[in-house]
Every structure is written in structure tokens, then in C-alpha cells.
Amino acid sequence: MTVTDLPHDVLWPPPTRSEFLGMPFDRVTFADVLASMSARRPGQPLRYVVTPNVDHVVKLSRERKLAFIYDDAWLCLCDSKPIWAMSRYLRGDFGHVTGSDLTARMFGSVLRPGDEVALVAGSEEIAKGMANRYPDLRFRIHVPPAGIAANRDALEACVDFLAAQQSRFAFIAIGAPQSEFIAHAWSRRPGATGTALCVGASLEFMLDLKQRAPQWMRGLGLEWLHRLVSEPRRLWRRYVLAVVPLAVLVLTDIRRSITQRA
């Protein structure tokens, strides 16, 4: 059996989902994810993909009511190199699939000329940049207003926009957890079809609106440091305030593992 013979909601090899630091992660390789994405066809029931990093994990630890948006995802992929490295010692090796790499490969090898692509973008600059860079794709684009995280009507308008499309793929790039809320709400709409990916700043990296870390820094798990240096005013508080909660989560997981082995 090939991946194209599989039902729409089956991945091959099938991943196993385990909880680490309070977040559910799927054990799946980058190659398997791409193969499964390639197998998705227009009109199939909607499935959505999330790529949580340290910020997601810490937010979830503070607000457990967010758990459903990750639990219900078709794929929950580990975006963080530090979390992936820790998981190798504490939980076995999760796949490491970053949203930025996945998005780039989707546009590079999965999407086909003529595909209809729905896009919820954070700015008109991103919207125009994507349409100009990929003229062979048929974009349907919605740019919500600023401050959408606190605007229920604007979030609902994003869901309405996506539900009105018949796109093979949709990319939601307006930050977490609002992107994940939108994807989840859309997945609950009767007749929803397609595949939605919550991709954070991936489109900005693709368009060179933000500079991604050099490959050597990514290999060492220092992409977070590059982003902090690049955007200190916006990110310093997020990263500093994440240190202690993340350390507590790691220690709690270590203690749980020791207790289970005893």
C-alpha cells in the first residue's frame, strides 16, 4: 500500500502521540509528514496541524483550558529544538518538524500549480508578498485587524472566511493561540474540508521580512537566541518569563519519570 492509497486521516507510518511537558507530541518524521500532506486531496474532511514550541508549552501550562486545540489536532509536531533534545533523554525521540521548514517544503514541493490556497495573514505586506512570489497558485487571502487575540468577532470572521473556501490547503499565520483557535473552530463547522496549518512567522521568513537563524544556530538549537537578538523589544519578556515555568515543567516531568520507574 502506498501513502496515496490511504484514507484522508491516516498517516503512514502511523504516529504515536505522547505527552511531554504537558503538551501532546506526535512521533513522526519530516518525510512522513510531507508524504501524508502530498496525499491530501481537495474536498476531504478538514484536518489541522499545529507546531508547538516553548511559548506554546508555557502558555498551555498556564491555561490548561487551551488543551483541546492541541488534543484535537490531526498532527501536533514539535517545533522546538530544545524541547526535542530534552525529549530524547526523558521520553524517547520525538520527530523534530519546525513550522518554518514544513511551510517552505509545502510551497516548494507539495503545492501544485493551480492549487487554491487559503491564507489568513498578519499583514497586507505578507498577503501581497505571497501572491507575488507564487503566481501559479490561486490565493484566497484574509487579513484580520490588529489585536485579533482579544477580538472575538474578528476571530469568527477568520473562521467564516476559511469555511467559505474550497482550498486544498490553508495557512493560518497570525500567532498563537489565536491561529489554533481558528483552525479548531473551523474543523467543527459542518462540511469543513481541506488541510489547515498553523504556521506562526513562517511566511515572514519565506518572504525575508524576518531573518531566520543561520543553519549552524538552528543545528545547535539556538534559533530562539537569534530571534531574541533580532527582536529584543518584542520577545525579551516572552523568553525571560518562559525560563522558570519551563524549568518547573522539566523537573516535574523528571520526577514523574523517576516515580513511574520506581
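Helices and strands here are DSSP runs: helices (H or I) of at least four residues, strands (E) of at least two, numbered from the N terminus. With that in hand, one loop can be placed: proline 177 sits in the loop between β7 and α8. The tour returns there later. The model is predicted.

**Stop 1: the whole chain**

Show the protein chain as a cartoon. It has twelve helices and eight strands. Of its 262 residues, 50% count as buried. Switch on a surface. The accessible surface comes to about 12,700 Å², and carbon and sulfur atoms account for 56% of that. Now think about contacts along the chain. Among those with a separation of 6 or more, 70% are between residues 24 or more positions apart.

**Stop 2: the sheet**

Select the strands of the open sheet. There are six, in the order β4-β3-β8-β7-β5-β6, with parallel pairing. Which strands form the edges? They are β4 (75–76) and β6 (138–142), each pairing on one side only.

Move inward to β8, residues 195–198. Four bridges join β8 to β7, residues 169–173, and the two strands run parallel. Two residues of β7 help you line them up. Phenylalanine 171 has leucine 197 as its bridge partner in β8. Isoleucine 172 stands opposite cysteine 198 in β8.

Now look at β8 and β3. They also pair in the parallel sense, over three bridges. Here tyrosine 48 has alanine 196 as its bridge partner in β8.

Show the side chains of β8. In a regular strand, side chains alternate between the two faces of the sheet. Thr195 and Leu197 point one way, while Ala196 and Cys198 point the other. Are these four buried or exposed? All are buried.

**Stop 3: the helix over the sheet**

Select residues 178–187, helix α8. This helix lies across β3 (47–50), β7 and β8. Its angle to β7 is about 145°. Follow the path from β7 through α8 to β8: together they make a right-handed β-α-β unit.

Next, pick alanine 183, a residue of α8. Its relative accessible area is 0%, which means that alanine 183 is buried, the cut-off being under 20%. What does alanine 183 touch, leaving aside neighbours within four places in sequence? Its contacts are Leu46, Tyr48, Ile172 and Cys198. Draw a distance from the C-alpha of alanine 183 to the C-alpha of phenylalanine 171. The two residues are twelve apart along the chain, and the separation is 9.5 Å.

**Stop 4: the cores**

Nonpolar side chains tend to be buried together in soluble globular proteins. The largest nonpolar core here has 42 residues. Select Phe25, Ile83, Leu162, Ile172, Ile182 and Trp186, the members that touch the most others. Helix α7 (residues 152–163) supplies the largest share of this core, six residues. Another core, of 30 residues, lies apart from it; Leu77, Val110, Ala121 and Phe139 are among its members.

Zoom in on isoleucine 172. Beyond its neighbours within four places in sequence, isoleucine 172 has contacts that include Val120, Leu162, Ile182 and Ala183. Others on its list are Ala196, Leu197 and Cys198.

**Stop 5: helix α1**

Select residues 30–39, helix α1. Colour its buried residues: Asp32, Val33, Leu34, Ser36, Met37 and Ala39. What do the buried residues of α1 pack against? Their partners are β3, β4, α5 (99–110), β7 and β8.

**Stop 6: backbone oddities**

Most residues other than glycine have a negative phi, and most peptide bonds are trans. Three sites in this model stand out against that background.

- Go back to proline 177. The peptide bond from alanine 176 to proline 177 is cis, with omega near 0°.
- Select leucine 21, in the loop between β1 (16–20) and β2 (23–27). Although it is not a glycine, leucine 21 has a positive phi of about 55°. Leucine 21 counts as buried because its relative accessibility is 4%, with the cut-off at under 20%.
- Select aspartate 208, in the loop between α9 (202–206) and α10 (215–219). Aspartate 208 is not a glycine either, yet its phi is positive, about 60°. Its relative accessible area is 56%, and exposed means over 50%, so aspartate 208 is exposed.

Technical notes: Residues numbered from 1 in each chain as written. Predicted model: local features only at pLDDT ≥ 70, side-chain atom pairs only at ≥ 80, totals over all residues. Heavy atoms only, no water. Pairing = 2+ DSSP bridges. Contact = heavy atoms within 4.5 Å. Axes fitted to C-alpha atoms, helices over the stretch in contact; angles between N-to-C directions. Buried < 20%, exposed > 50% of the residue type's maximum accessible area, 1.4 Å probe, protein only. Areas by Shrake-Rupley, 256 points an atom, 1.4 Å probe, with all protein chains shown as cover. Core = buried A, V, L, I, M, F, W, Y, C linked by side-chain atoms within 4.5 Å. Right-handed = clockwise from strand over helix to strand, strands pointing away.
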